[in-house]
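Please open the model in your viewer and keep the selection panel at hand. This tour suggests what to select next and describes what is there.

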Amino acid sequence: RLVRRRITKLTNDLKTVRKQRSLYRRRRRRSGIPTVALVGYTNAGKSTLMRALSGTKTYVGDKLFATLDPLTRRVHLTKDRTILLNDTVGFIQKLPTQLVVSFRATLEELEEASLLIHVVDISHPQASTQAEIVDDTLKDLGLEERPRITVLNKIDLLTDSNGEVINSEDLAQELLSYAGQPPASICAISAETGWGLEKLRSKLASCL
Ligand SMILES: Nc1nc2c(ncn2[C@@H]2O[C@H](COP(=O)(O)OP(=O)(O)OP(=O)(O)O)[C@@H](O)[C@H]2O)c(=O)[nH]1
Ligand SMILES: [Mg+2]
């Protein structure tokens, strides 16, 4: 019974959050600042990137679905370019039902975004499968035509054949050539160390 009461409370909380957010969205639209949304497989590093770009704290946890509520932060890309950056709940193959409400809020955020940043954990053995799942999900949502930048994250974790960590421009270039996407729409970074973030900022600025 305790559990059921807690679920009811959670559902009500989420309803309040949705109402609040639709208010925020309306206010944002009127502000005229472009909205950019982070999407990607769960644990890819979206919240870490959000924090790195905005310099504020959003919840980061090394567990699945650390983010249950979409969050928005103001991010200054360049001297005269500001965006509103939305963090979203991670995508996975099959969404557990208890997360559907939270996911719906995410979808409403994605509708608003003029640009999507697809964050990929390039250090993950299943990185390409995860990226495909995200691609498919975006297609299902009718968002395949939305302008998009792919960010290959956690580049600091990649090691060479000797197990040495590599973190160089060469590696980034090599990765990008394999990814089969126009270089203008892809970027290698480490959200954790900050490597590559300046390039990402200017790329974002030029896309808007
Ligand atoms: N080494 C390394 N770890 C990273 C990097 N970016 C994120 N992480 C770690 O990856 C884990 C997941 O990061 P989050 O930012 O919470 O991932 P998320 O995509 O927001 O996850 P969900 O909200 O669950 O979808 C955390 O332990 C981060 O510290 C990176 O560039 N390098
Ligand atoms: Mg998160």
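At what angle do the axes of helix 2 (residues 46-54) and helix 6 (residues 197-207) cross? Select both: their axes, lines fitted to C-alpha atoms over the stretch in contact, with angles from 0 to 180 degrees between N-to-C directions, come within 11 Å and cross at roughly 85°. That makes helix 2 roughly perpendicular (65 to 115 degrees) to helix 6. Helices here are DSSP runs of H or I with at least four residues, and strands are E runs of at least two, numbered from the N terminus.

This is a predicted model, in which local features need pLDDT of at least 70 and side-chain atom pairs 80 or more, while totals for chains, interfaces and linings use all residues. Residues are numbered from 1 along each chain as written, chains are lettered from A and ligands numbered from 1 in written order, and side-chain values use heavy atoms, without hydrogens and water.

Next, show the side chains of Leu49, Ala52 and Leu53 in helix 2, which contact (heavy atoms within 4.5 Å) Leu197, Leu200 and Arg201 in helix 6.

Now colour helix 2 by burial: seven of its nine residues are buried (under 20% relative accessible area, 1.4 Å probe, protein chains only), so helix 2 is largely enclosed by the rest of the structure. Among these buried residues are Lys46, Leu49 and Ser54, and what covers them includes strand 1, strand 4 and helix 6.

Finally, move past the end of helix 2 to Gly55, which follows this helix and has a positive phi, near 70°.

Terms used
Parallel < 35°, antiparallel > 145°, perpendicular 65-115°, else oblique. Buried < 20%, exposed > 50% of the residue type's maximum accessible area, 1.4 Å probe, protein only.
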